[in-house]
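Please open the structure in your viewer and keep the sequence panel beside it, since this tour moves from one selection to the next and says at each stop what can be found there.

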Amino acid sequence: MPVKLGELLLKENMVTPQQLQEALSHQKMNGGKLGKAFVSLGYVRDEEITSLLSRQYGVPSINLEHFEVDPAIIKIIPAETARKYQILPLSRSGATLTIAMADPTNVFAMDDIKFMTGYNVEPVVASEISLDEAIEKYYGSSRSLQLKGDGSSGGGAPMGLGASPSLKDVMDGPALTLDDMASVGLSEVDLDAMGEEEADVETVKTDDDEIDLGALAKSSEAAPVIKLTNVLLIDSLKRGASDIHIEPYEKEFRVRFRIDGILYNVMALPMKLRDPLTSRIKIMAKLDISEKRLPQDGRIKIKMKIEDRSRDLDFRVSCLPTLWGEKIVMRLLDKSKLMLDMTKLGFEQASLDKFQRAIAKPYGIVLVTGPTGSGKTNTLYSALASLNKPDTNIMTAEDPVEFNLPGINQVNIRDAIGLNFAAALRSFLRQDPNTILVGEIRDYETAEIAVKASLTGHLVLSTLHTNDAPSTVSRLVNMGIEPFLVGTAVNLIQAQRLIRRICSNCKAELTDVPSKTLTDIGFAPEVVGTFKMYKGRGCGVCNGTGYKGRVGLYEVMEISEGIRDLIMVGATSVELKRKALEDGMLTLRLSGLEKIKLGITTIEEVLRETVH
């Protein structure tokens, strides 16, 4: 238990320190639980311990002496499991099984029973002595159970259920290192031989709808699947992955991690694990496991205990039905990686000055554009963090809220019940806001309200999916916003990409790069030769890739008077870009060239993400 029983009794002044020492000595000599020792010595009554645990954990208590259990309910849980975890099934209501247990915080027991029976588990507290007596009463003595187990034709628990390995057994297995995972490569994974990371993974319970787990009563597969799921989640964190892709094909079931923006194959799994693994992840994400034909989105909140340090992690889960089963993508939302210091994101100084000027204005729109995974959320959260002061009311509408920011009012968009960006934004205007963040401008209605909000004294931050900053103007006009409104409302448009940094551990100078290559990618001839170039050789730190971590490329187009005049007369993206370059804008490619000159990244990375 998280809090020891002896400490609880002392705290409640139910026993003295001397009595606690005597009970511990009694427990050492006679075995059994500490609670039994207190009762045997006559220091505390059984009912008092039960009542104390009930108050401590907020779980109802029960006196088993006055409770009769239906034999059909007893059969749900095998005798071996009841004895192992000291539990007793009491009643079943729909998809929920109520069990009596001495330790209501034993997540291993509840997880095992959940998978073994297919029911949700509701614990109630009972005393250890009454549980022992009830287990003897309903399941018979340990001796008779042993004899049944030894016989070849005896009854007892159904084969498979009682024999299935428990979650605790799995967790206590040998530790799996990253080297072991790397050596797995694309070979088949031997789940029986595979151990668990030295970490505890515990699903954070939320008050969502109950899930019928009837289809998952595959107890013989439960422990390996739990083990595999935990290994995937933990290993993705250790390797610094941003996404986990679990993909079924006709004759292959593979797992890939996206690390620093690039997908890598991690392992090929046996096909028989496709349905159990998918179901396990969907249960953790509170999704409907019986719905296999429609896309679903959910979230897994877990606590990971690694090297005695507890960390809260979020995984955003997306299930998509494909030809050969459901593809699952889990995005790791790791708050420790959220960089809220704008000076460390990779902005060139001139670009950063423009961006900070724009968000410091009392009203207007600031747009951040780029594809999925280009760091837009991080940039906007950094902007909000710099604006977050006691005298400012900041409201955000996000789909979904990725990170919780204290002091900021965040709203989760839920299209299914009509809470879309437009509805949230309309409501925000009645909440006396100073700054509004709209997760994404997807349609005319949202764009129109955002423009109106900016024109009535609010600062609006939002994102769009466009290739570069100048083409964003055309996108807004195509949505139906009048050019004169775009020109008046928008303060700044910023396009961004993420590229990989050279690994600092194996960084080596390049000496044989032809001058023509450099001029072809955009360097001026007079600049060539004035700077050194580097590349990563590949080492253990960067998994042999030569890259570790990422940095942003930024194209910041401030809406100057000249650009505003061009927007008003319906200028094309090409004309806007030409004018912005005259005003000193760095394009994504030019931002990339600056990173090459500073020795931060390579030519290949800049070419991969930008056009000339």
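Begin by selecting I493 in this predicted model, and show the residues around it: leaving aside those up to four places away in sequence, I493 touches L367, T369, A469, T472, V473, E555, V556, M557 and I559. I493 also belongs to the largest nonpolar core, which has 53 residues, and together with F523, M557 and I596 it is listed among those with the most contacts inside that core. A second core, separate from this one, has 32 residues, and L232, V255, L269 and I300 are included in it. As background to this stop, nonpolar side chains in soluble globular proteins tend to be buried together.

**The aromatic rings**

Now turn to the aromatic side chains, where a search of the whole structure finds four pairs. Select F347 and Y554, whose rings form a stacked pair with 3.9 Å from centre to centre and 10 degrees between the planes. Which parts of the chain does this pair tie together? F347 lies in the loop between strand 10 (325–333) and helix 14 (349–360), while Y554 lies in strand 19 (residues 547–558), so the pair joins parts that are 207 residues apart in sequence. F347 has a relative accessibility of 11% and therefore counts as buried, and Y554, at 2%, counts as buried too.

Keep those two residues selected and add F355, because F347, F355 and Y554 form one aromatic cluster.

Next, select Y381 and F403, whose ring centres are 6.1 Å apart and whose planes stand at 75 degrees, so that this pair is edge-to-face. Y381 is in helix 15 (residues 376–387) and F403 is in the loop between strand 12 (394–398) and strand 13 (409–412), so to follow the link is to pass between distant parts of the chain, 22 residues apart. Are Y381 and F403 buried or exposed? Both of them are buried.

One more ring deserves a selection here, that of Y534: the charged end of K507 sits over this ring, 4.9 Å from its centre.

**Backbone details**

Stay with the loop between strand 12 and strand 13, and select P400, which lies there. The peptide bond that runs from D399 to P400 is cis, and its omega is near -10 degrees.

Then move to D260, in the loop between strand 6 (253–259) and strand 7 (262–269). The phi of D260 is near 50 degrees, which is a positive value in a residue other than glycine. N543 offers another example, since it has a positive phi of about 55 degrees although it is not a glycine, and the place to look for N543 is the loop between strand 18 (533–536) and strand 19. How do D260 and N543 stand with respect to the surface, buried or exposed? D260 is buried, with a relative accessible area of 15%, whereas N543, with a relative accessible area of 54%, is exposed.

**Helices and their contacts**

Select helix 21 (residues 561–568) and helix 22 (residues 573–582), whose axes come within 10 Å and cross at roughly 170 degrees. With that crossing angle, helix 21 is roughly antiparallel to helix 22. To see where they meet, show the side chains of G562, I563, L566 and I567 in helix 21, which meet E575, L576, K579 and A580 in helix 22.

From there go to T278 in helix 13 (residues 274–284). T278 counts as buried, at 5% relative accessibility, and, residues up to four places away in sequence not being counted, T278 touches E326 and I328.

A last selection is E80, found in helix 6 (residues 79–85). E80 is partly exposed, with a relative accessible area of 37%, and its C-alpha atom is separated by 9.3 Å from that of Y139, a residue 59 places apart from it along the chain.

**The whole chain**

Finally, clear the selections and look at the protein as a whole. Its secondary structure comes to 24 helices and 19 strands, and buried residues make up 49% of its 612 residues. Among contacts between residues at least 6 apart in sequence, 67% join residues that are at least 24 apart.

Key: Residues are numbered from 1 along each chain as its sequence is written. This is a predicted model: local features need pLDDT of at least 70, side-chain atom pairs count only at pLDDT 80 or more; totals for chains, interfaces and linings use all residues. Side-chain values use heavy atoms; hydrogens and water are left out. A nonpolar core is a set of buried Ala, Val, Leu, Ile, Met, Phe, Trp, Tyr and Cys residues joined through side-chain atoms within 4.5 Å. Buried means under 20% relative accessible area, exposed over 50%, partly exposed in between (1.4 Å probe, protein chains only). Contact means heavy atoms within 4.5 Å. Rings of Phe, Tyr and Trp (its six-membered ring) pair if their centres lie within 6.5 Å; planes under 30 degrees apart count as stacked, over 60 as edge-to-face and the rest as tilted. Helices (H or I, at least four residues) and strands (E, at least two) are DSSP runs, numbered from the N terminus. A charge sits over a ring if NZ of Lys or CZ of Arg is within 6 Å of the ring centre and within 35 degrees of the ring normal. Axes are lines fitted to C-alpha atoms, for helices over the stretch in contact, and angles run from 0 to 180 degrees between N-to-C directions. Angles under 35 degrees count as roughly parallel, over 145 as roughly antiparallel, 65 to 115 as roughly perpendicular and the rest as oblique.
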